[in-house]
Amino acid sequence: MMKWNLSNAIPKTTHMKSLFFVLLISASISYAQQVEIPDKEFTLSLSDETVTLARGENKKIDVRILKSKSYKKGKIKMGLSSSLPNGITVSFDPEKGDTNVSQATITALPDALPGTYSIIVNATVNYKTKGSILKIAVQ
């Protein structure tokens with residue numbers, strides 16, 4: 001009596017490619033449902049709106065810039081619209097260029113005072129600046 005084993009009938013590379021394709025399509029559909037491309041100008045969003053840090057620690061968040069069709073070719077310049085509290089630093093990678101995502105690194109230096117602070121992370125595209133509030137909690 002011959003037993004049929006489906007895993008032996010389909011080559012593993014084909015099976016893995018199919019699984020990857022299904023996962024990729026699923027992730028694309030999920031992302032497409034959550035993101036709305038603006039009709040005009042651009043929008044800015046943060047992967048986390050609140051960051052909690054111990055003194056001497058740093059964390060990274062993504063800053064996403066969704067551009068309308070008319071802003072698609074515009075280069076971004078990342079920055080802050082507010083001053084930073086003593087002992088807190090923020091850097092962007094990349095700080096400027098032709099990208100839709102920049103990674104912000106928020107650092108609480110060892111001498112940072114505990115507390116909750118609000119700063120405005122901004123992006124400039126085609127001479128237009130938009131921002132989003134980031135709360136930083138230092139413990």
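In which sense do β2 and β9 pair, and over how many bridges? They pair in the parallel sense, over four bridges. Strands here are DSSP runs of E with at least two residues, helices are runs of H or I with at least four, and both are numbered from the N terminus. Two strands count as a pair if DSSP finds at least two bridges between them.

Before going further, a word on what you're looking at. This is a predicted model, where local features need pLDDT of at least 70 and side-chain atom pairs count only at pLDDT 80 or more, while totals for chains, interfaces and linings use all residues. Residues are numbered from 1 along each chain as its sequence is written, and side-chain values use heavy atoms, with hydrogens and water left out.

Back to the strands. Strands of a sheet pair through backbone hydrogen bonds, either parallel or antiparallel. One open sheet here has five strands in the order β2-β9-β8-β4-β6, and its pairing is mixed. At the edges sit β2 (50–53) and β6 (96–97), each pairing on one side only. To spot where β2 meets β9, look for Val51: its bridge partner in β9 is Ile136.

Now take a look at β1. It pairs with strand β3 (residues 58–67) in the antiparallel sense, over five bridges, and Thr43 stands opposite Leu66 in β3. The two faces of β1 are easy to tell apart: Phe42, Leu44 and Leu46 make up the covered one, and Thr43 and Ser45 the uncovered one.

Next come the charges. Side chains of opposite charge can pair when their charged atoms come close. This structure holds two salt bridges, a salt bridge being a side-chain nitrogen of Lys or Arg within 4 Å of a carboxyl oxygen of Asp or Glu.

Glu41 and Lys128 form one of them, at 3.5 Å from N to O. Glu41 lies in the loop between α2 (12–34) and β1 (42–46) and Lys128 in strand β9 (residues 128–138), so this pair ties together parts that are 87 residues apart in sequence. Glu41 also forms a salt bridge with Lys130, with the closest N and O atoms 3.0 Å apart. Lys130 is in strand β9 too, and that pair links parts of the chain 89 residues apart. Because they share partners, the salt bridges join Glu41, Lys128 and Lys130 into one network.

How buried or exposed is this trio? Glu41 is partly exposed at 24% relative accessibility, Lys128 is partly exposed at 32%, and Lys130 is partly exposed at 26%. Buried means under 20% relative accessible area, exposed means over 50%, and partly exposed is in between (1.4 Å probe, protein chains only).
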